[in-house]
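The following exercises concern a predicted model. Each task is followed by a solution in steps.

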Amino acid sequence: MRQTLKIVFLIFGSVILQIALIARIPMLGSHPDLPLTLVVSIALFSGPFHGEVTGFVSGLMCDFLSDGPLLGVQSLSRVVIGYGIGFIRGKLYSDNIITQLASGFVATLAHKFITFIHLSLLFTDTPPVRFSGLILVAISNALLVVVVFRVLRRFVRREN
Amino acid sequence: MFVLLNRHKSVTFFLCFCMSSLILSWLTVGAARTSGSYDDSLKHKVSPFLVPIYFCSSVITSIWSGVACIGSVSTSVWQKPVEKARLQELESQVERLKCQLDAEENRNRESLNKLREVCVNLEVPAESSPAFRLVPAKVVAVEPTDWFRYLTINKGSKDGVNVDMPVITRSDLAGDVKYLTGAVVGKVVEVQARSARVQLITDGLSVVAVTIGSQGDLALLKGQPEIEKCAIDAIPSTTHDMLKKGDSVVVDERSSIFPPQMLVGTISSIEKGTHFCRIEVQPAFKFSMLREVMVVLDAGY
């Protein structure tokens, strides 16, 4: 129960920090994504179930807090990323910094790609996905995953 | 069954979450396809629960801006003299460039006046004086609830834009011109200092006097925002026999707002009745492609 509360607290904290501070850091038209790094870190730390739940909750919050009218776009990509990274977690040594960096980098690219595909299916026009600054954001997200993973290790007990 | 679901808990939840997300997105987009506007009722219902998040984020933002303000004050206090000198140099450079720009503008104005004098001396017929004055404008905002009805442009009263001025599609023309090309987009309905709201001809409240058919019959074109088109109702059967799909619809000469003979669109469908018929007109512009438009300041007619 305490573990769940801690994770809920982390989700809320990451979303608040995202809209209050991190969304104001411009990176060629885009910005780092703290809730996404939390999803990656929790998936690496606790496995696919916690990863996908975190992805769904944080994605829905991002959808509701965004200016756009669409719902479910952010949550879908984050659920897929949370489950995917949690699924391959058993095959990787998640405490390794290279695994964390690679997961953060790949997750950012996957997030954009899934959002792009999802919006392409919804709209006939070109979907409004920003690809500028993607590599820069992917690098910053990868670094953030390392930091968030360390915060998680300090606060949350690992489940096997 | 329950044991099986519990054993594959992560897969089950994964599928449930994916389905929920897809259903949510399809619901919001589906509402936009049928009614022309996004259904944000769910967002409104949830918004009270998001108030604490907004409050926390505003507190953090204000703390951060306070810290940034203190930082900028301390920076200005401890600013190196070299940086100050550089700043002053740049400011003086800006002033110098402004003076150069003013001088250049004056020179251009004088050249234009001289050219006009030459034209007068050459007795160029008065007919060649410009009939239209156009101002190019960028479409800067489209409200999600006002799709196919209104848009906002970046030119306002300070640029000479006024209410009821016609707005046409972007062409290569700008400034003073004799002949207009392009197609009717709508008219200005609200003006601010640096922006204006344009009512599109596809808005339900828009009415344009147009000419149809080879005989040039007068008809009233009304907007149909739900299908991104316009329509003309109650055309007498004597006229509709001469109409066919693809015929151009142009502004009537009796229109008090729009430039006469300007293209409005083409006939996309004709519903023939016993005594009257109804035609749908596809506007000559595509709403999703509107990036730049022209405001006609002086119609000259």
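**Exercise 1.** Determine how many residues each chain gives to the contact between chain A and chain B, and which elements of chain A take part.

*Solution.* Begin with the totals: 24 residues come from chain A and 26 residues from chain B. Next, consider the elements of chain A that give two or more residues to the side touching chain B: these are helix H1 (2-20), helix H3 (48-65), helix H4 (73-88) and helix H5 (97-122). The largest share, seven residues, belongs to H3(A). Finally, sort this side of chain A by class, which yields 19 nonpolar, three polar and two charged residues.

**Exercise 2.** Decide whether H4(A) is oblique or roughly antiparallel to H5(A).

*Solution.* The two helices pack at an angle of about 140 degrees, and their axes are 9 Å apart. Angles over 145 degrees would count as roughly antiparallel. H4(A) is therefore oblique to H5(A). The crossing of H4(A) and H5(A) is right-handed. Among the residues that meet here are Val80(A) and Ile81(A) in H4(A), and Ala110(A) and Ile114(A) in H5(A). By class, this contact of H4(A) with H5(A) holds nine nonpolar, five polar and no charged residues.

**Exercise 3.** State in which order the six strands of chain B close into a barrel, and examine how S8 is joined to S9.

*Solution.* The order is S7-S8-S9-S12-S11-S10, with antiparallel pairing. On average, neighbouring strands of this sheet are turned by 40 degrees against each other, direction ignored. Within chain B, strand S8 (residues 217-224) and strand S9 (residues 229-236) run antiparallel and are joined by three bridges. Gly223(B) stands opposite Cys230(B) in S9(B).

Definitions and conventions: Residues are numbered from 1 along each chain as its sequence is written. Chains are lettered from A and ligands numbered from 1 in the order in which they are written. This is a predicted model: local features need pLDDT of at least 70, side-chain atom pairs count only at pLDDT 80 or more; totals for chains, interfaces and linings use all residues. Two strands pair if DSSP finds at least two bridges between them. Helices (H or I, at least four residues) and strands (E, at least two) are DSSP runs, numbered from the N terminus. Axes are lines fitted to C-alpha atoms, for helices over the stretch in contact, and angles run from 0 to 180 degrees between N-to-C directions. Two residues are in contact if their C-beta atoms, placed from the backbone, lie within 7 Å. Ala, Val, Leu, Ile, Met, Phe, Trp, Tyr, Cys and Pro count as nonpolar, Asp, Glu, Lys and Arg as charged, and the others, Gly among them, as polar. Angles under 35 degrees count as roughly parallel, over 145 as roughly antiparallel, 65 to 115 as roughly perpendicular and the rest as oblique. A crossing is left-handed if the near helix is turned anticlockwise from the far one by less than a right angle, and right-handed if clockwise.
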